Amino acid sequence: MISLIPRKDIPLALTVMTPIMAIAITLFVGAIIFATLGYDPLEALYQFFVAPVSRSDQIADLFVKACPLIIIASGLIFCYRANIWNIGAEGQLILGAVFSGYVALTFPGLPAWAMIPLMVIAGIFGGMLWAMIPALLKTRFNTNEILVSLMLTYVAALLIDWIVRGPWRDPMSFGFPLTKMYVDAALISRIELPGIGYLGQLHWGVVGALLLALCAWFVLDRMLVGFQVKVMGAAPRAGRFAGFSPTFVTFMVLGISGAAAGIAGMVEVSANIGQLQPEISFGYGFTAIIVAFLARLNPLAVIGAGLVVALAELGGDSAQITLGMPKVVTGVFKGILLFMLLAGETFNRFHVEIRPSRSSAAKSVEVQN
Amino acid sequence: MIEQLILTVIMTSIPLIFAASGELIAERSGVLNLGVEGMMLMGAVAAFAVAMGTGSPLLGMFAGAFAGALTAGIFAFFTLGLATNQVATGLALTIFGTGLSGLVGAPLVGQAIDGLAQVHLPLLADIPFLGTLLFQHDILAYLAVIMVALCAWVLSATRVGLILRAVGDNHESAHALGYSVLSVRLLAVIFGGMMAGLGGAYLPLVLTPHWAEGMTAGRGWIALALVVFASWRPWRVLGGALVFGGITIMQLAGQARGWTIPSQFLSMLPYLATIIVLVLISRNREFALANSPACLGRIFHAGK
């Protein structure tokens with residue numbers, strides 16, 4: 001019988017240690033799973049978490065991989081803080097890519113100074129548009145936003161598939177489902193570091209991602225809207241008494257997270273791919289959920305969390321090449337990590353006791369989550 | 001032709017019936033498990049692996065049920081034992097199950113198995129038309145209907161069902177009456193996992209006799225929507241699943257008849273239909289919430 005006793009105060013060390021312990025246990029459990037499946041666990045962990053970052057350009061690429069995760073997670077934090085479960089960031093990302101792609105492909109003659117900003121705006125618009133659907137249905141018809149946002153992800157994936165195979169396909173692509181390449185002005189350029197030159201694929205979108213995380217922190221921690229979000233999530237009744245509108249907050253958090261995912265879609269295509277294709281994201285929208293939780297829904301911590309999870313993604317590639325593991329193995333790590341983080345949350349808030357039997361004096365305590 | 005079409009619709013709906021009625025029981029006990037997709041995939045891969053290894057699809061079926069239940073056990077450990085957030089834990093379960101099933105199933109890709117044999121019910125199978133449609137299925141299809149009937153009966157007419165609903169509607173009162181809230185929920189979640197595992201097992205054992213990564217293609221999520229659609233009543237799950245099966249098949253039928261709509265739009269139909277159905281059900285609050293468990297998704301723990 002596990003019994004949970006609420007803690008009176010939470011020591012800071014515990015708050016910091018929770019995610020670290022979660023990562024450590026995840027590695028341990030991962031090693032056991034590898035061993036069970038007949039891989040050498042130490043070798044597997046090395047290929048996963050050390051080999052991908054053993055050179056400076058690889059570390060730069062780690063930031064590139066973390067870029068979309070940081071951007072999306074910075075937005076998702078608003079949703080999860082407000083207890084709105086947007087799990088369709090993947091679809092919002094796709095719509096952002098499609099809308100920004102529309103600008104890049106339809107107006108290739110735009111001046112360079114206007115192109116990228118317009119594409120960002122289009123991306124924001126696309127992502128927000130897709131996120132407004134669950135918001136509207138939730139506020140108007142009380143429809144479950146989890147299922148709607150997820151279903152829309154499938155719809156978005158099919159939509160981009162149709163677009164690149166049908167109306168937007170480059171006639172010169174030899175039948176491949178690809179649009180024309182973006183013009184140079186529509187591409188996000190790589191960063192040339194003074195004295196070093198280019199480092200991996202490091203591009204300006206990464207800088208944008210870091211700035212976005214900072215913005216998210218400012219809005220959430222220093223502005224009234226951020227306070228509204230937190231109150232509506234932690235104590236909806238108190239929020240209503242304070243005159244905050246649940247409808248407004250629902251629209252706002254879904255709008256913010258949709259916009260963020262849209263930007264991520266724009267950046268991903270514009271910096272790494274250079275044209276639209278059926279697959280533009282490797283589940284970043286879902287992976288970012290884990291990043292948000294690893295950061296304990298704190299925007300500044302998102303940056304570190306994004307890098308940690310990006311390492312697992314790169315590790316998946318590395319393990320695929322050197323050990324012949326399927327790419328989905330990263331999912332195992334991501335799933336375990338999320339389990340451990342959630343469990344860590346419990347250890348953080350409660351004193352967990354494992355007793356042989358239930359005491360007769362036990363009375364029920366309700367915890368609102 | 002029409003016979004074949006209806007038959008395909010029925011077969012497509014079977015995995016949804018299993019997964020949704022299992023989830024329905026879990027939700028009736030107050031637990032929202034969003035990990036259905038992950039549990040189905042674990043069931044599918046276990047069923048395929050065992051059926052291939054032993055040559056017996058029947059053993060595969062049991063393996064699928066067992067794997068689903070085991071995966072649900074992980075969920076139960078975290079949400080019930082450690083009182084973690086159910087929504088996030090369910091997501092974790094789906095991510096984990098998708099990954100682990102892919103990892104375990106990697107060597108199985110490209111292999112084929114003999115599916116479950118059809119069992120013709122004596123006499124009934126000979127009825128023209130209806131016999132072909134309803135009484136010439138595999139054992140899992142019959143089991144699906146039996147399980148729905150069982151769920152409906154247990155929920156509405158037995159003491160066990162009463163306790164289950166009490167726990168789901170008001171866990172504090174149930175606890176005060178001396179029922180072990182967590183034990184009831186544990187059993188309900190495990191049952192839900194077993195059913196999801198069976199639903200997953202149906203895919204490689206009957207529908208397509210091979211294994212592919214993520215072969216459930218969102219069926220677990222549609223099953224979750226079906227529970228809302230059914231407004232937490234087992235028999236309505238059966239009807240809802242048939243509707244969804246019909247929509248899924250419509251795209252194939254459409255392609256076969258040379259509809260000019262791009263195939264992607266036809267493939268969107270099940271997902272769009274899910275959204276539309278959710279809206280139609282949810283907009284009528286009284287209907288939607290009449291049977292909705294009051295404690296759904298809320299955490300309970302007995303402490304000092």
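## Burial and dimensions of chain A

Of the 369 residues of chain A, 51% count as buried; a residue is buried if 20 or more other C-beta atoms lie within 10 Å of its own, exposed if 12 or fewer, and partly exposed in between, with C-beta atoms placed from the backbone. This is a predicted model, in which local features need pLDDT of at least 70 and side-chain atom pairs count only at pLDDT 80 or more, while totals for chains, interfaces and linings use all residues. Residues are numbered from 1 along each chain as its sequence is written, and chains are lettered from A and ligands numbered from 1 in the order in which they are written.

Chain A contains 13 helices and five strands; these are DSSP runs numbered from the N terminus, helices being H or I of at least four residues and strands E of at least two. Its C-alpha atoms occupy a box of roughly 75 × 55 × 40 Å along the principal axes. The radius of gyration of chain A is 22 Å, which agrees with the value near 21 Å for a compact globule of 369 residues; the radius is taken over C-alpha atoms, and the globule rule is 2.2 Å times the number of residues to the power 0.38. Among contacts in chain A between residues at least 6 apart in sequence, 77% join residues at least 24 apart, a contact being two residues whose C-beta atoms, placed from the backbone, lie within 7 Å.

## Helices H5 and H10 of chain A

Helix H10 of chain A covers residues 246–273, 28 in number, and reaches 39 Å from its first C-alpha to its last, close to the 40 Å expected at 1.5 Å a residue. The expected span is 1.5 Å times one less than the number of residues. H10(A) is mostly covered, with 22 of its 28 residues buried. The helix is followed by A:Gly274, which has a positive phi near 85°.

The axes of H5(A) and H10(A) come within 6 Å and cross at roughly 145°; axes are lines fitted to C-alpha atoms, for helices over the stretch in contact, and angles run from 0 to 180 degrees between N-to-C directions. H5(A) passes H10(A) in a right-handed crossing, a crossing being left-handed if the near helix is turned anticlockwise from the far one by less than a right angle, and right-handed if clockwise. The contact of H5(A) with H10(A) has 15 nonpolar, 12 polar and one charged residues. In these classes Ala, Val, Leu, Ile, Met, Phe, Trp, Tyr, Cys and Pro count as nonpolar, Asp, Glu, Lys and Arg as charged, and the others, Gly among them, as polar.

Helix H5 of chain A also holds A:Ile133, which counts as buried because it has 22 C-beta neighbours inside 10 Å. Not counting residues up to four places away in sequence, A:Ile133 touches A:Val148 and A:Leu152. A:Ile133 and A:Leu152 are 19 residues apart in sequence and 8.7 Å apart in space, C-alpha to C-alpha.

## Packing of H1 against H13 in chain A

Helix H1 (residues 12–36) of chain A packs with H13(A) at an angle of about 140°, their axes 8 Å apart, and the crossing is right-handed. Residues of H1(A) including A:Leu14, A:Ile25 and A:Ile33 meet residues of H13(A), among them A:Phe333, A:Met340 and A:Phe347. By class, this contact has 15 nonpolar, six polar and no charged residues.

## Interface between chains A and B

In the interface, 49 residues of chain A are in contact with 48 residues of chain B. On the side of chain A that touches chain B, at least two residues each come from strand E1 (2–6), helix H5 (112–141), helix H6 (145–165), helix H11 (284–294), helix H13 (329–349) and strand E5 (363–367). H13(A) gives the most to this side, with 13 residues. The side of chain A that touches chain B has 33 nonpolar, 11 polar and five charged residues.

## Chain B

Chain B has 13 helices and one strand, and the strand comes after the helices in the sequence pattern α-α-α-α-α-α-α-α-α-α-α-α-α-β. The radius of gyration of chain B is 19 Å, close to the 19 Å that the globule rule gives for 304 residues, so chain B is as compact as a globular protein of that length. Buried residues make up 57% of the 304 residues in chain B.

Most residues other than glycine have a negative phi. B:Ala217, not a glycine, has a positive phi of about 50° and is placed in the loop between helix H9 (181–207) and helix H10 (219–229) of chain B. B:Ser231, also not a glycine, has a positive phi of about 40° and is found in the loop between H10 and helix H11 (234–256) of chain B. B:Ala217 counts as partly exposed, with 15 C-beta neighbours inside 10 Å, and B:Ser231 counts as partly exposed with 18.
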